[in-house]
Structures are given as structure tokens and as C-alpha cells.
Amino acid sequence: MTDSDRTRRTEGVVFLLAFTACIPAANFMIGNIGTFCVPDGPCLIPVGFGLTAPSGVLLVGLALVLRDLVQRRLGLLWSVGAILVGAILSTTFSAPSLAIASASAFLASELADLFVFTPLQRKGLIMAALCSSVVGLVVDSAMFLWLAFGSFDFLTGQILGKAIMVFASLPFLFLLRKHDRKRGLYPA
């Protein structure tokens with residue numbers, strides 16, 4: 001195994017662990033952390049423009065980008081495995097009434113992200129991660145809200161909150177791409 005392969009694998013494992021940690025943490029936040037908690041509903045945070053969203057949106061947005069990086073470093077099979085484990089983990093730290101909504105939305109959004117990211121990644125990391133994450137965050141937001149609460153009341157706030165995290169990750173992705181080129185690392 002070359003140094004390049006070891007580096008790719010090590011970074012992939014770090015991305016995988018971070019991705020995996022985001023999932024239960026997001027579910028915990030939705031039920032426990034926010035500026036206001038709706039009775040029998042989510043805990044909310046302000047996301048800008050007078051909008052609020054369930055607090056877990058920040059970590060869900062980050063998870064979408066991390067899943068892309070798992071695939072970039074470890075390959076498609078690892079990414080699919082991470083999605084399946086993530087769907088199981090998404091049932092933890094949430095109320096039983098939210099578990100199915102969380103797992104279903106997670107699975108659907110991460111698969112949508114994967115289907116967009118996979119063909120685009122060799123054309124460019126930044127565009128692939130951005131496009132796939134936007135598709136994933138819309139799917140996740142709509143599906144979770146409908147299944148969990150039977151409403152799209154927080155849809156705009158959810159989308160904005162997740163998009164903030166996706167856009168906040170762009171400088172890191174630019175640095176990673178530059179670093180990869182310098183080291184001669186290419187997608188797995």
C-alpha cells in the first residue's frame with residue numbers, strides 16, 4: 001500500500017466517523033436543543049431571514065457533504081454501507097414517533113445525494129458536492145417534515161439551515177481539492 005493509499009484511507013475513516021457522529025447528534029438536537037422547543041415537536045433555532053428550523057438541520061447539512069467525502073476517499077461501497085448504517089443510527093436519540101421519519105428521510109436523501117454525486121464527482125468535487133447536497137437537503141427536508149409532523153411548516157427554514165452548512169463547507173472543499181491535486185490523490 002502506497003503512502004497515497006494510506007492517506008486516502010485514513011482521511012476516509014475520519015470522514016466516515018464524522019458522518020456517523022452527525023446522525024445521532026442531529027436527532028438528539030432536534031428533540032433537546034434549540035431556542036424554543038415546540039410541545040410534542042422539534043426544538044427550533046433561527047436560521048436567518050426570520051426563519052426557524054429544527055436544530056438538527058445544521059448537522060444534517062454537514063452529513064450530506066461528509067457522505068460525499070466518504071465516497072471520494074473510500075469508494076462507492078463504503079458510501080452505501082455508511083448510508084445503511086446511518087439510516088439505522090438515525091433512529092437513535094429521537095422519540096419513537098420521529099424514528100421512522102428520521103430513518104426514511106435520511107435513507108432517501110443520502111441515496112439521492114449519492115445518485116447525483118457519483119456521476120459528477122470526476123468532473124469536479126465542488127460542483128458535485130454542491131449539487132448533490134442541494135438535492136439531498138431538499139429531499140430530506142420535505143420527507144422528514146411530512147412524515148414526522150404531517151406539515152411543511154418549517155420547510156424553507158430547514159432548507160436554508162442545511163444549505164448554510166453546505167455552503168460553509170465549501171472553503172474546506174476548495175482546500176481539500178487543492179491539497180488532493182498537490183498530493184496526486186484522485187477519487188476512490
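Reader: Why is Gln 71 called buried?

Author: In this predicted model, Gln 71 has a relative accessibility of 2%. Buried means under 20% relative accessible area, so Gln 71 counts as buried. The residue is found in helix H2, which covers residues 57-74.

Reader: What makes the approach of the side chain of Gln 71 to the side chain of Arg 67 a polar contact?

Author: The two side chains make the contact at 2.6 Å. The cut-off for a pair of N or O atoms is within 3.5 Å, and the value for Gln 71 and Arg 67 therefore meets the distance criterion. The side chain of Gln 71 also makes a polar contact with the side chain of Thr 118, at 2.9 Å.

Reader: How do you know how far Gln 71 is from Pro 42 in space?

Author: The distance is taken from C-alpha to C-alpha and comes to 31 Å. In sequence, Gln 71 and Pro 42 are 29 residues apart.

Reader: How many cavities of 30 Å³ or more does a search of the whole structure find?

Author: The search finds one, with a volume of about 180 Å³. Of the 19 residues that line this cavity, Ala 26, Asn 27, Val 60, Ser 102 and Asp 140 are the closest to its centre.

Reader: Which elements give two or more residues to the lining of the largest cavity?

Author: They are helix H1 (3-32), H2, helix H4 (96-120), helix H5 (125-149) and helix H6 (155-168). H1 gives the most, with five residues. By residue class, the lining divides into twelve nonpolar, five polar and two charged residues.

Reader: What span is expected of H1, and what does the model show?

Author: H1 has 30 residues, and at 1.5 Å a residue the expected span is 44 Å. From the first C-alpha to the last, H1 reaches 43 Å, which is close to that expectation. The buried residues of H1 include Arg 8, Phe 15, Phe 19, Ala 26 and Asn 27.

Reader: Why are strand S2 and strand S3 said to pair?

Author: Strands pair if at least two bridges are found between them. S2 (residues 43-48) and S3 (residues 51-54) have four bridges, in the antiparallel sense, and therefore satisfy the criterion. Leu 44 stands opposite Pro 54 in S3.

Reader: Which residue in the hairpin of S2 and S3 takes a positive phi?

Author: Phe 49 does, with a phi near 55°. The hairpin has two residues between the strands.

Conventions: Residues are numbered from 1 along each chain as its sequence is written. This is a predicted model: local features need pLDDT of at least 70, side-chain atom pairs count only at pLDDT 80 or more; totals for chains, interfaces and linings use all residues. Side-chain values use heavy atoms; hydrogens and water are left out. Buried means under 20% relative accessible area, exposed over 50%, partly exposed in between (1.4 Å probe, protein chains only). A polar contact is a pair of N or O atoms within 3.5 Å; within protein, one must be able to donate a hydrogen and the other to accept it, and residues adjacent in sequence count only if both atoms are side-chain atoms. On a 1 Å grid over the protein atoms alone, a cavity is a set of points where a 1.4 Å probe fits but cannot get out, and a pocket is an open set with protein on both sides within 12 Å along at least five of seven lines; lining residues have an atom within 4 Å of a point. Grid points are joined across faces, edges and corners, and a volume is the space filled by probe spheres set on the points. Ala, Val, Leu, Ile, Met, Phe, Trp, Tyr, Cys and Pro count as nonpolar, Asp, Glu, Lys and Arg as charged, and the others, Gly among them, as polar. The expected span of a helix is 1.5 Å times one less than its number of residues.
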